[in-house]
Amino acid sequence: VDKRFETFEKMKERIASDLQNEANHYVKFETLTNMLNKLMDENMFEVPRSVVNEQAERMAQQSIRQYYQMGINPEMFGVTAKSMVSRYYGEAERQVKHALIINRLAEKQGITISNEDINKEVERIAEVNERNADDVRKEMLENEHNLPAMQNDLLADKVYAFLCNENSIDEKEITRGEFEKKRMEEAEKARAAGNTKEDATDEINDNEANEQ
């Protein structure tokens, strides 16, 4: 067998597997989000405005970085992360409430993240990316935000499994075609949220109009 053909076939299999895994992750995230939204609606509670503002500021900073990556310097037109915070306040509040619900459920059900869970996740990431697990672990520890982010993701996964079991929810499969369609829909939503070059221009124009 031609080794080039064998390599090409392995590459196709890897791409297909990655796309399917991404599709399955999307379905999982969407299902968890819907369940958390339902719990949030059924259990009304307030969260400190300062905490929501911090999350909104992080989201605004991320948006500013995306503009720079697209070759736009919005600050030249008076658009800054500070001026964009209000745009993200509603989504930031939802994210904060979701995190609180996950933590509360985990605490109530005795769901925790062990060192073994972390080690397994590091090994999974290393295997998926064909890297050395020790290198992945080192990189993770070099950034103070990486470990907490991984712990939060793993906790969300365990809470998701608990909620699915409690509500008799079966994880559904999604085809790559369906996923691509949903991803395009999400891209449209992202544009509406101000995460594209066109929306950066709109934000800039709005800012200029307010100054006149």
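Which element contributes the largest share of the lining of the second largest pocket? In this predicted model, that share comes from helix H3, which supplies five residues. The pocket holds about 160 Å³ of space, and its lining consists of Leu39, Asn43, Phe45, Leu100, Ile101, Arg104, Leu105, Lys108 and Leu163. Sorted by class, six of the lining residues are nonpolar, one is polar and two are charged.

The overall organisation of the chain is helical in its assigned elements, with eight helices and zero strands, so that the order read along the sequence is α-α-α-α-α-α-α-α, given that helices and strands are numbered from the N terminus. Of the 212 residues in the chain, 28% are buried. Among the contacts with a separation of 6 or more, 80% are made by residues 24 or more positions apart.

The confidence of the prediction varies along the chain, for which the average pLDDT is 80, with 76% of the residues scoring at least 70. Among the elements, H3 has the highest mean pLDDT, at 94, whereas helix H8, which covers residues 197–211, has the lowest, at 48. Over residues 193–198 the pLDDT is below 50, and this stretch nevertheless has 17 contacts in the model beyond near neighbours in sequence. Over residues 207–212 the pLDDT is likewise below 50, and there the model has four contacts beyond near neighbours in sequence.

Helix H3, which spans residues 81–109, is not straight throughout, since a bend of about 55° is found at Tyr88, the bend being the angle between axes fitted to the seven residues ending there and the seven starting there. Just after H3, Gly110 adopts a positive phi of about 70°. On the other side of this helix in sequence, Val79 occupies the loop between helix H2 (49–69) and helix H3. With a relative accessible area of 1%, Val79 falls under the 20% limit and is therefore classed as buried. The C-alpha atom of Val79 is separated by 8.8 Å from that of Ile64, a residue 15 positions away along the chain.

Two residues of helix H2 may be described together. Glu57 lies in this helix, and its relative accessible area of 43% places it between the limits of 20% and 50%, so Glu57 is partly exposed. Between Glu57 and Ala92, which are 35 residues apart along the chain, the C-alpha separation is 8.8 Å. Tyr68 is also found in H2, and because its relative accessibility is 39%, Tyr68 too counts as partly exposed. When residues up to four places away in sequence are not counted, Tyr68 touches Asn73, Pro74 and Glu75.

Further along the sequence, Asn152 is located in helix H6, which comprises residues 146–166. Asn152 counts as partly exposed because its relative accessibility is 48%, a value under the 50% above which a residue is called exposed. Asn152 and Ala99 are 53 residues apart in sequence, while their C-alpha atoms are 8.6 Å apart in space.

A backbone feature of another kind is found at Glu130, which has a positive phi of about 55° although it is not a glycine. Glu130 is placed in the loop between helix H4 (115–128) and helix H5 (133–142). At 65% relative accessibility, Glu130 is over the 50% limit and so counts as exposed, whereas Val79, in the loop between H2 and H3, is buried at 1%.

Terms used:
Residues are numbered from 1 along each chain as its sequence is written. This is a predicted model: local features need pLDDT of at least 70, side-chain atom pairs count only at pLDDT 80 or more; totals for chains, interfaces and linings use all residues. Side-chain values use heavy atoms; hydrogens and water are left out. Helices (H or I, at least four residues) and strands (E, at least two) are DSSP runs, numbered from the N terminus. Buried means under 20% relative accessible area, exposed over 50%, partly exposed in between (1.4 Å probe, protein chains only). On a 1 Å grid over the protein atoms alone, a cavity is a set of points where a 1.4 Å probe fits but cannot get out, and a pocket is an open set with protein on both sides within 12 Å along at least five of seven lines; lining residues have an atom within 4 Å of a point. Grid points are joined across faces, edges and corners, and a volume is the space filled by probe spheres set on the points. Ala, Val, Leu, Ile, Met, Phe, Trp, Tyr, Cys and Pro count as nonpolar, Asp, Glu, Lys and Arg as charged, and the others, Gly among them, as polar. pLDDT is the predictor's confidence in each residue, from 0 to 100. Contact means heavy atoms within 4.5 Å.
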